[in-house]
Amino acid sequence: MINCKYELRRKGLTLISLLIVILVIGILATMMILSSTESVNTAKAARIIANLQTMKRAVVAWYADNRDKVVWADGNSKVAGMVQIGNKASPVQEWGEDVIQLGKYISLAGNSDINIHYKKEHDNKTNTYNTNLMEGCYGVCDGGTVKNDSGDTTAYHRSQWYVGYRFKKGEEAIREKVRGMMNTAGVRIGTADAHIDTEDNDEKQNAAVWMRVF
């Protein structure tokens with residue numbers, strides 16, 4: 001009988017093998033994070049567009065109930081599309097929630113947590129107020145306020161109404177996701193206000209996303 005003895009040698013991970021494992025895990029983790037971020041941005045962009053569609057339905061419903069308060073003056077860009085309440089006529093965006101009460105229409109249209117907010121800024125040179133859509137909120141405006149992403153205003157008229165969302169700082173990736181949905185969603189990227197207070201031309205031209213109501 002022949003006796004054979006086998007010696008088992010246990011080998012641990014070498015430093016190079018350990019580094020390779022760590023590298024692979026790091027790559028996989030990075031891919032998962034990037035994929036997750038992309039998914040989150042896509043979802044947020046889709047939510048913004050869905051909210052604009054809800055607001056569009058709400059504005060149409062509001063107009064159906066209040067068309068007698070809207071001034072459509074052909075050939076007079078200063079008053080076309082303004083809201084007339086009492087003896088005062090102003091652009092639709094200057095009427096706060098306490099006046100036009102759009103919130104209840106938004107709630108009936110399917111969403112009660114859309115943030116609508118404006119701020120009025122006094123212009124000392126003209127002694128007038130400009131109404132700006134604030135960051136991270138939704139609003140309604142006439143075509144005189146909207147510019148497209150090339151800064152061209154020739155195609156816009158005050159007799160057209162839009163609903164829009166003002167992007168927050170840091171939402172550039174979400175904005176680009178929305179830009180990629182422009183053709184299918186019927187939206188456009190443009191300024192949040194013709195008088196937006198910034199020297200950054202890119203920020204001016206890419207501050208908000210708009211959807212035309214009528």
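**Figure 1. D68 in the loop between α1 and β1.** In this predicted model, D68 has a relative accessibility of 64% and counts as exposed. D68 belongs to the loop that runs between helix α1 and strand β1. I85 is 17 residues from D68 along the chain, and the C-alpha atoms of D68 and I85 are 9.6 Å apart. I85 belongs to the sheet described in the next legend, where I85 stands opposite K88.

**Figure 2. The open sheet of strands β1, β2 and β3.** This view shows an open sheet of 3 strands in the order β1-β2-β3, paired in the antiparallel sense. Strands β1 (70–71) and β3 (88–90) are the edge strands, each pairing on one side only. Between β2 (residues 82–85) and β3 the antiparallel pairing runs over 3 bridges. One position to locate is I85, which has K88 of β3 opposite. In a regular strand, side chains point alternately to the two faces of the sheet.

**Figure 3. Strand β9 and the strands paired with it, β7 and β8.** Strand β9 covers residues 208–212, and 4 of its 5 residues are buried, so β9 is largely enclosed by the rest of the structure. The count rests on a cut-off of under 20% relative accessible area for a buried residue. Strand β7 (residues 161–166) runs antiparallel to β9 and is joined to β9 by 5 bridges. Within this pairing, Y162 has R212 of β9 as its bridge partner. Strand β8 (residues 188–190) is also antiparallel to β9, with 3 bridges between the two strands. Here G190 stands opposite A208 in β9.

**Figure 4. R166 in strand β7.** R166 is located in strand β7, the strand that spans residues 161–166 and pairs with β9. The relative accessibility of R166 is 8%, so R166 counts as buried. T191 is 25 residues from R166 in sequence, while the C-alpha to C-alpha distance between R166 and T191 is 8.4 Å.

**Figure 5. The salt bridge between E38 and K177.** The structure contains 3 salt bridges, and this view shows the one formed by the side chains of E38 and K177, with an N to O distance of 2.7 Å. E38 is in helix α1 and K177 is in helix α4 (residues 172–180), so the salt bridge ties together parts of the chain that lie 139 residues apart in sequence. Both ends have a listed accessibility: E38 counts as partly exposed at 42% relative accessibility, and K177 counts as partly exposed at 25%.

**Figure 6. The salt-bridge network of R175, E176 and R179.** E176 forms salt bridges with R175, where the closest N and O atoms are 3.4 Å apart, and with R179, where the closest N and O atoms are 3.1 Å apart. E176 and R179 are 3 residues apart in helix α4, and about one helical turn separates them. Salt bridges with shared partners thus connect R175, E176 and R179 in one network. R175 is buried, with a relative accessible area of 12%. E176 counts as partly exposed at 38% relative accessibility, and R179 counts as partly exposed at 24%.

**Figure 7. A nonpolar surface patch that includes I22.** L15, L18, L19 and I22 make a nonpolar patch of about 400 Å² on the surface. I22 is placed in helix α1, which covers residues 15–66. Helix α1 also holds E38, the partner of K177 in Figure 5.

**Figure 8. C137 and C141.** C137 is buried, at 1% relative accessibility. C141 is buried as well, with a relative accessible area of 2%. The structure contains 0 disulfides.

**Figure 9. The whole protein, for orientation among the close-up views.** The protein has 6 helices and 9 strands. Its length is 214 residues, of which 36% count as buried. Of the contacts between residues at least 6 apart in sequence, 60% join residues at least 24 apart. About 13,400 Å² of the protein is exposed, and carbon and sulfur atoms supply 53% of this area.

Technical notes. Residues are numbered from 1 along each chain as its sequence is written. This is a predicted model: local features need pLDDT of at least 70, side-chain atom pairs count only at pLDDT 80 or more; totals for chains, interfaces and linings use all residues. Side-chain values use heavy atoms; hydrogens and water are left out. A disulfide is a pair of cysteine sulfur atoms within 2.5 Å. Buried means under 20% relative accessible area, exposed over 50%, partly exposed in between (1.4 Å probe, protein chains only). Helices (H or I, at least four residues) and strands (E, at least two) are DSSP runs, numbered from the N terminus. Contact means heavy atoms within 4.5 Å. Accessible areas come from the Shrake-Rupley method with a 1.4 Å probe; for residues, only the protein chains shown count as cover. Two strands pair if DSSP finds at least two bridges between them. Patches are made of residues with over 30% relative accessible area and no salt bridge: like charges are joined within 9 Å, nonpolar side chains (Val, Leu, Ile, Met, Phe, Trp, Tyr) within 5 Å. A salt bridge is a side-chain nitrogen of Lys or Arg within 4 Å of a carboxyl oxygen of Asp or Glu.
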